[in-house]
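Here is a briefing on one protein chain. Look over the fold first, then read the points below.

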Amino acid sequence: MGTILLCRHGETPWNRDRRVQGWAPTELTERGTEQAAALADFLADEYTVDRIVASDLERAAETARAVARATGVDVTFDARWRERDFGRMQGLAYDELFGVYPEYTLSEIGYAAAETVPESGESLLDMWERVTAAFDDLCESVGADETVAVVAHGGPLYAVTGTIKELDIVAAVLDQEQGNCAVNEVRVTDGNPGVELVRENVTSYLPESTTQENY
């Protein structure tokens, strides 16, 4: 039985200010750095991490490097674990995005919003397919007694956990939560269905001063 630990990056200024990040090279805040350090200690204490895979966007890479220091394991970067590319919409406040461009609002128009492609970006469905393909490849490669930590973003984690729970894309985004540095534990076996989500959105290990709303 292999184990995959799906982790979200620490807080960034754009998380704090509720702005659309996409592929923007945002770095961690001071609180985000503290969260990443707490995540690193939690993974090192609770698991024997054999491999680290991370999105190559800076906020995930910075978080993954903290995990690497705590575990002594090198990071392999895989761009397929990136957040959704929002193209020209990056940097907008969420209220502005959904107020001015309701075609992106899942809660208003449902599945059609997942198909909408921002200029110079990708649809939510495009991101979903990219990330689930990366997850499928990882499941095939993980060893029977191997533990792989993945450091990614909220959108990719919704995609994977939603797929495991057989949620549709709208419910997967609207009905789940993934806090900064949340941990989700997935067991991988040879049986059917082959993956089991055993821990979800774990943030209880974070110092109280570093917890926050999910966004």
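The accessible surface of the protein chain comes to about 9700 Å² (Shrake-Rupley method, 1.4 Å probe). Carbon and sulfur atoms hold 44% of that surface. This is a predicted model: local features need pLDDT of at least 70, side-chain atom pairs count only at pLDDT 80 or more, and totals for chains, interfaces and linings use all residues. Residues are numbered from 1 along each chain as its sequence is written, and side-chain values use heavy atoms, with hydrogens and water left out.

**Overall build**

- The protein chain has 9 helices and 6 strands (DSSP runs, numbered from the N terminus; helices are H or I with at least four residues, strands are E with at least two).
- Its radius of gyration is 16 Å, close to the 17 Å from the globule rule for 215 residues, so the chain is as compact as a globular protein of that length. The radius is taken over C-alpha atoms, and the rule is 2.2 Å times the number of residues to the power 0.38.
- The C-alpha trace spans about 50 × 40 × 25 Å along its principal axes.

**Burial**

- Of the 215 residues, 55% count as buried (under 20% relative accessible area, 1.4 Å probe, protein chains only).

**Strand E2 and its partners**

- Strand E2 (residues 51–54) runs parallel to strand E4 (residues 147–152), joined by 4 bridges. Strands pair if DSSP finds at least two bridges between them.
- Arginine 51 has valine 148 in E4 as its bridge partner.
- E2 also pairs with strand E3 (residues 75–77) in the parallel sense, over 3 bridges.
- Valine 53 has threonine 76 in E3 as its bridge partner.

How values were computed. Buried means under 20% relative accessible area, exposed over 50%, partly exposed in between (1.4 Å probe, protein chains only).
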